[in-house]
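Biologist: I should be grateful for a close look at one part of this structure, namely its salt bridges. Please explain which side chains take part and where they lie.

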Amino acid sequence: PAVWASTLDGFPPAWPMAATVTRHCRQPPPPPPAPQLPPNAFAHLRRQAAALDAFRPRLDACCHHHTPLSCARHAWKDVLDGFCTDEFGVKTRQFHCCHQHGAARRRCFNQDPDGVAAAAAATAAIVAAWEPIGEPPFPPGEPTAANMDNICGLRELRLGPSSPSGPRGRLNVRLERDYGRCCNNGSLACAHSAWQKGLERFCREEAAVKTRQHRCCQRGGGRARGRCFAAAAPHPAYDRELHNVSLARPSPALLRTLCGPTRLLTDRRPVPELLGAMTAACCPLPPEERSACAQEQLSQGVATLCASPQAAWLDPQGCCSRGEPERHHCFDTAYLGQVPLGAAVAPPPPGHDE
């Protein structure tokens, strides 16, 4: 008799990465054959198959979205949350990740061996092994009402593929994990408690392995220690990943930033369309070919926008009414300069063309 596994091949689907989404949209794979399921019973396998079937058309639709990667990740989370809802609709044992919630559930689904392998391969393909910008800032800033948006909104950009070792590295891993839980319900009190407890544990760990502790650990516990760490934080606003970049002349150094993990912080047209087309077409290419590709994509995007019906885009600066080269100069200065962006890889300083 056939022996049926508890999990279908390909389930859960891998967490969408920039390279895999780009590859899917450029060369959509053929639909996989329907899984061979037992004629009766094994309803848990049918629910897994239904989730995979629901995710594929959502991923296809994201290829037409102005930010395909964020769309795909939203679809991934939505489909797996729906799968868990279905799992709890029956009295049999539920898939283990469904017993967790929010960020913990997403981490659990993404820690499936197949998903981890796919994510690792995609990361290596997109940016010759993206690495975070040195070590995380230390000490971390104190959570406040003013910086909670950055703590939560830029969190994915602070999570590199690896973390430094030692007490500081462990503090960073634990704190970002706890921030993820707190961000699910937008709780400042939760984030502040995680920060305090994380630093207390850091001081205990430092005392266990070092003869000389961080100066703030020597302040004793309580508010004095917290004030010391807060005052010493190099990025109290959690804004190290925030940048204003010009997309007008995308250099190889800038494309290394744009092809890494990013979050566009404006929806002002035509930036999302032009940036999305540039990264989708050019990031899978070798680094030495990206800059020419990006210039071509920008030129094509501008031509397409200016050829579209006026109702589709109002062009408030009137750039499309100008002839060349004034038209492109107008786009460069009016629309593509000073674009707010969150980026895991720091962009080059102005004037650096690498």
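**Salt bridges between helices**

Modeller: In this predicted model, Arg-174 and Glu-205 form a salt bridge in which the closest N and O atoms are 3.4 Å apart. Arg-174 belongs to helix 8 (residues 166-184) and Glu-205 to helix 9 (residues 188-209), so their contact ties together parts that are 31 residues apart in sequence. Both of these residues, Arg-174 and Glu-205, are buried; that term applies to residues under 20% relative accessible area.

A further pair also links two helices. Arg-47 forms a salt bridge with Glu-87, and here the closest N and O atoms are 2.5 Å apart. Because Arg-47 lies in helix 2 (residues 43-62) and Glu-87 in helix 3 (residues 68-87), this pair ties together parts that are 40 residues apart in sequence. Arg-47 is buried, as is Glu-87.

Another salt bridge joins the side chains of Arg-240 and Glu-241, with an N to O distance of 3.5 Å. Arg-240 has 22% relative accessibility and therefore counts as partly exposed, whereas Glu-241, at 3%, counts as buried. Salt bridges may also share partners: in this way Arg-170, Arg-174, Arg-201 and Glu-205 are joined into one network. The pair described at the outset, Arg-174 and Glu-205, thus belongs to this network.

In the whole structure, a search finds 15 salt bridges; among them are the pairs Arg-47 with Glu-87 and Arg-174 with Glu-205.

Definitions and conventions. Residues are numbered from 1 along each chain as its sequence is written. This is a predicted model: local features need pLDDT of at least 70, side-chain atom pairs count only at pLDDT 80 or more; totals for chains, interfaces and linings use all residues. Side-chain values use heavy atoms; hydrogens and water are left out. A salt bridge is a side-chain nitrogen of Lys or Arg within 4 Å of a carboxyl oxygen of Asp or Glu. Helices (H or I, at least four residues) and strands (E, at least two) are DSSP runs, numbered from the N terminus. Buried means under 20% relative accessible area, exposed over 50%, partly exposed in between (1.4 Å probe, protein chains only).
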